[in-house]
Amino acid sequence: MPLAEIPLSVWRTRGQNFLFRGQTIRYWVAGQGEPLLLIHGFPTASWDWHYLWQPLTQRYRVIACDMLGFGDSSKPQDHDYRLLEQADLQQALLEHLRVEQAVHVLAHDYGDSVAQELLARHYERSEEHTSELQSPVLS
């Protein structure tokens with residue numbers, strides 16, 4: 001399947017917002033099927049995935065956000081940005097979207113570290129949590 005570019009101007013019109021700890025986070029969801037969480041790298045944004053977006057949405061419910069401080073999400077000044085907070089953000093996004101089944105993860109660069117934190121939490125989690133990670137891919 002050929003890769004299909006999505007122009008940035010079009011990408012931006014397809015995004016939605018949710019609040020995370022008082023900050024606006026921009027996110028995108030498309031497709032149907034098992035959820036696939038895409039986590040971008042540094043210093044970029046979710047638009048990194050635009051070439052893969054359409055092919056992935058044919059098989060998965062693809063979910064991606066611009067992490068706090070990146071892309072079209074809030075960039076609070078004098079904020080103590082932390083990897084653990086970015087992992088909290090990913091979990092909050094899945095909760096916001098009411099994702100309760102297992103989640104595939106595809107991550108790149110800085111997103112790899114966020115994904116590793118999510119994996120660690122997955123293995124340490126109690127029965128109370130609803131989201132589960134499966135088939136992580138770190139690049």
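Leaving out sequence neighbours within four places, R12 is in contact with R26 and D72. The model described here is predicted.

**R12 and D72**

R12 sits in helix 1. Its relative accessible area of 41% makes R12 partly exposed, because that class runs between the 20% limit for buried and the 50% limit for exposed. Between the side chains of R12 and D72 there is a polar contact of 3.0 Å. The two residues also form a salt bridge, with 3.0 Å between the closest N and O atoms. This pair links distant parts of the chain: R12 belongs to helix 1, while D72 is in the loop between strand 4 and helix 3 (83-96), 60 residues apart. D72 is partly exposed, at 29% relative accessibility. G71 is 59 residues from R12 along the chain, and the C-alpha atoms of R12 and G71 are separated by 9.9 Å.

**Salt bridges**

The structure holds six salt bridges. Side chains of opposite charge can pair when their charged atoms come close. Three of the bridges are set out below, including the pair already described.

| Salt bridge | Closest N and O atoms |
|---|---|
| D72 with R12 | 3.0 Å |
| D88 with R121 | 2.7 Å |
| E117 with R121 | 2.7 Å |

D88 forms a salt bridge with R121. D88 is in helix 3 and R121 in helix 4, so this pair ties together parts that lie 33 residues apart in sequence. The relative accessible area of D88 is 23%, and D88 is therefore partly exposed. R121, at 17% relative accessibility, falls under the 20% limit and so counts as buried.

E117 forms a salt bridge with R121 as well. Both E117 and R121 lie in helix 4, with their positions four residues apart in sequence, about one turn of the helix. An α-helix has 3.6 residues a turn, so residues three or four places apart point the same way. The salt bridges of D88 and E117 with R121 belong to a network that links R21, E85, D88, E117 and R121.

**Helix 4**

Helix 4 covers residues 110-124, 15 residues in total. From its first C-alpha to its last, helix 4 reaches 22 Å, close to the 21 Å expected at 1.5 Å a residue. The buried residues in helix 4 are G111, D112, V114, A115, L118, L119, R121 and H122.

**H40 and its surroundings**

H40 is located in the loop between strand 3 and helix 2. With 0% relative accessibility, H40 counts as buried. A polar atom of the H40 side chain lies 3.0 Å from the backbone nitrogen of M67. When neighbours within four places in sequence are left aside, the contacts of H40 include A45, S46, D48 and W49. H40 is also in contact with C65, D66, M67 and F70, and with H108, Y110 and G111. One of these contacts, G111, is among the buried residues of helix 4.

**Helix 2**

Helix 2 spans residues 50-57, and its buried residues are H50, W53, P55, L56 and T57. Among the elements that cover these buried residues are helix 1 (8-13), strand 2 (23-30) and strand 3 (34-39). Strand 4 (60-65) and strand 5 (102-107) are also part of that cover.

Conventions
Residues are numbered from 1 along each chain as its sequence is written. This is a predicted model: local features need pLDDT of at least 70, side-chain atom pairs count only at pLDDT 80 or more; totals for chains, interfaces and linings use all residues. Side-chain values use heavy atoms; hydrogens and water are left out. Buried means under 20% relative accessible area, exposed over 50%, partly exposed in between (1.4 Å probe, protein chains only). Helices (H or I, at least four residues) and strands (E, at least two) are DSSP runs, numbered from the N terminus. Contact means heavy atoms within 4.5 Å. A polar contact is a pair of N or O atoms within 3.5 Å; within protein, one must be able to donate a hydrogen and the other to accept it, and residues adjacent in sequence count only if both atoms are side-chain atoms. The expected span of a helix is 1.5 Å times one less than its number of residues. A salt bridge is a side-chain nitrogen of Lys or Arg within 4 Å of a carboxyl oxygen of Asp or Glu.
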